[in-house]
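Hi,

Here is the structure I promised to pass on. Have a look at it first, and then read my notes underneath.

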Amino acid sequence: MKRLLLPVAALAALALGWSQLRQNLTDDKPNDYTNWSEYLGGPDRNHYSALRQITPDNVRSLQVAWRYATPDSGQIQTSPIIIDGVLYGVTPNVQAFALDAATGKEIWRYGGLKKAGANTSRGVTYWAPKTGENSNDAPRILHSMGPLLYALDAKTGQPISSFGQDGHIDLHDGLGEQAKDKFIISNTPGTIFEDLIIMPVRLSEEADAAPGYVRAFNVRTGKLAWTFHTIPHPGEFGYETWPKEAYKNFDVGGANNWSGMAVDRVRGILYVPTGSPSYDFYGGNRKGQNLFANCLLALDVRTGKRLWHYQAVHHDLWDRDFPAPPNLITVTQNGPDGRPRKIDAVAQVTKTGYVFVFDRVTGKPLFPIKEVPIPKSNVPGETTWPTQPMPLKPAPFVRQVMTEADINPNSVDRDSLLALFRKVGKRPYEPITNKGWALMIPGTDGGAEWGGAAADPDGILYVNANDIPWLYKLVDTPKEDELAHLSPGQRVYTLNCMSCHGPERRGNPRSGYPSLVNIGQRRDRPYVLQTVSNGRGMMPGFTALSAEEKNALIAFLFDDEKQEAPSSASGTTKAKRPYLPYKITGYNRFQDSQGYPAIKPPWGTLSAINLNTGEYAWKIPLGEEKGLKAKGISNSGTENYGGPVVTASGLLFIGGSRDEKFRAFDKKTGKLLWETDLPAAGFATPATYQIGGKQYVVIACGGGKVGVKKGNQYVAFALP
């Protein structure tokens with residue numbers, strides 16, 4: 001059962017009467033649009049601005065208004081917020097800062113994690129007491145660093161001591177004793193409702209992951225307000241969809257929200273997309289449907305009680321978690337009487353390239369969804385769920401199958417790509433096995449990804465996507481006696497690092513996994529040790545490793561490990577981490593020797609989907625591979641990260657592409673109107689705001705992904 005309605009909640013909402021409810025919506029405090037005061041533009045996460053100064057007619061006149069260089073460099077996935085002339089953002093090493101949004105001049109910067117081990121951040125959250133409220137609580141910036149959530153004074157950047165302990169709380173709070181030493185961070189800003197902040201969390205994707213419970217904290221004090229168990233406890237709905245002991249988290253975790261949430265503040269409903277359970281690619285230890293993993297949850301935001309849910313992937317074995325917050329939109333469809341009616345809806349984009357659209361209150365799908373039979377797994381101990389839901393409308397925005405005719409005709413390795421393609425399993429929801437390669441299209445970075453979709457008030461959804469295949473294969477997890485011939489450090493590497501960095505430590509920089517060969521010539525030991533412990537970028541920290549194991553690993557990586565008989569350290573990992581019989585060999589893009597995808601272009605797209613009808617308004621390639629363009633091969637599209645911004649004046653702004661461009665399109669037609677070079681790729685969602693009658697568009701330019709150079713700038717554009 002995918003969806004269960006809670007009639008009391010639905011009736012309570014309906015009891016207001018739709019006309020009164022819509023009036024309440026219009027009475028909600030409007031955004032004056034001089035600000036961009038929340039992550040992705042607002043609680044609806046629609047990336048939308050009503051500003052009209054920059055138009056399709058004058059956008060070609062945009063010029064750089066200011067630049068801000070951070071003291072460090074690397075991935076900046078931040079979509080900044082702008083409030084009353086102040087821009088709040090995050091550096092690559094997650095130092096929060098405030099700038100004069102008209103000049104880019106720094107006002108303050110909170111040091112935080114200045115050394116290695118910082119993970120990427122997509123931004124911060126702002127909270128202030130209500131206008132007219134008699135309160136001594138200062139406006140604050142809620143900012144996560146590692147496992148800690150800080151409350152910083154918005155004016156000074158200093159921690160607010162009344163929040164938690166000396167200005168911070170630990171995001172392990174509310175997860176139980178079994179999670180206290182496990183990896184947990186937050187990459188995505190929290191969602192504000194009244195005096196609550198509901199926090200997304202990123203966990204390990206291995207078998208030792210913490211449970212991904214959804215939790216709300218008091219924004220003034222930091223105290224835990226409520227918890228929703230995404231892995232249900234005995235007596236809770238969904239408990240029977242897991243093994244009986246799953247909630248104890250001995251060898252099952254995840255089902256977390258990491259991508260962010262949306263909130264309907266009038267109705268008091270929180271919309272939470274959840275991720276896959278761990279381990280991502282083998283589920284023999286978690287047989288069942290696995291609610292509430294891979295679900296869109298509608299929760300009462302004041303209490304955390306479930307109102308309705310829909311599960312988009314049953315018993316996920318493909319890492320098909322929801323990649324972005326949903327969009328709260330209003331669509332127009334014909335009612336039972338044949339007359340057009342407005343429906344407040346929630347739309348969720350997915351890694352698979354589908355858009356699920358539901359009535360925001362009842363959870364009823366607004367377009368038909370079919371349960372489609374999928375292949376069975378032949379992996380011992382695994383039981384694939386027999387069907388998966390696929391919307392009949394809108395059509396998917398990326399390819400779902402690949403044929404021999406789709407092999408990249410421009411590749412220098414076309415023959416070898418074709419030979420490999422003929423050997424792989426390539427059906428939709430192809431089970432990943434230990435018998436050979438399985439093709440996943442699109443790959444685990446989407447389809448849609450964490451940048452999310454933009455939406456117009458008239459129901460048009462704009463989504464950028466990756467459209468390339470990946471290859472996966474399971475291998476038997478080595479047993480302890482099979483590793484006895486290895487040194488302690490090599491054992492730790494084999495069990496924890498090899499699936500991403502490879503048996504020869506060469507990695508795959510184009511796929512985001514750096515080479516570790518001769519790492520000692522580029523980094524010192526403290527840097528590598530802190531990275532192993534805390535993670536960096538999108539790499540999780542390995543908190544379950546003992547100090548002895550970490551030191552052995554560092555010695556192995558620096559090629560100076562003493563060759564000695566195996567020690568007792570070899571058993572530490574086994575004792576601390578649940579044993580699973582299979583793991584993947586790595587996250588492998590299906591590409592040729594030059595790094596180009598094995599499938600014919602386009603490899604990145606931008607689509608406009610009319611959610612009133614379920615039809616496409618337009619679809620275009622996004623980005624150009626520079627090497628191919630130089631050979632006269634255009635419209636390739638590129639892998640892209642970060643989302644678009646759409647304006648009332650008719651523009652859509654987006655960076656995201658590997659070619660380090662920032663572009664503006666006509667939102668009605670998809671026609672390119674303007675583009676400019678960035679100092680590094682803008683793998684982030686832009687923001688737009690107005691100060692002193694001047695409209696600005698700003699984007700973070702950190703690069704550092706998919707083989708492109710790193711950067712350290714925020715760049716703002718405006719008309720002269």
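Below is what I found in one of its sheets.

Keep in mind that this is a predicted model. The part I looked at is an open sheet of four strands, ordered S12-S13-S15-S16, with antiparallel pairing. S12 and S16 (224–228) are the edge strands, each pairing on one side only. On average, neighbouring strands in this sheet are turned by 20° against each other, ignoring direction. As a reminder, strands of a sheet pair through backbone hydrogen bonds, either parallel or antiparallel.

I'd start with S13, residues 196–199. Is this strand covered on its faces, and by which residues can you tell? Both faces are covered: Leu196 and Ile198 are buried on one side, and Ile197 and Met199 are buried on the other.

Next, the partners of S13. S12 (residues 191–193) pairs with S13 in the antiparallel sense, over three bridges. Within that pairing, threonine 191 stands opposite isoleucine 198, and isoleucine 192 stands opposite isoleucine 197. The two strands make a hairpin with two residues between them. If you zoom in on the turn, check glutamate 194, which has a positive phi of about 50°.

S13 is also joined to S15 (residues 214–218), by four bridges, and these two strands run antiparallel as well. Here isoleucine 197 stands opposite phenylalanine 217. So when you click on isoleucine 197, look both ways: isoleucine 192 is opposite in S12, and phenylalanine 217 is opposite in S15.

Shout if anything is unclear.

Cheers

Note on methods:
Residues numbered from 1 in each chain as written. Predicted model: local features only at pLDDT ≥ 70, side-chain atom pairs only at ≥ 80, totals over all residues. Heavy atoms only, no water. Buried < 20%, exposed > 50% of the residue type's maximum accessible area, 1.4 Å probe, protein only. Pairing = 2+ DSSP bridges. Axes fitted to C-alpha atoms, helices over the stretch in contact; angles between N-to-C directions.
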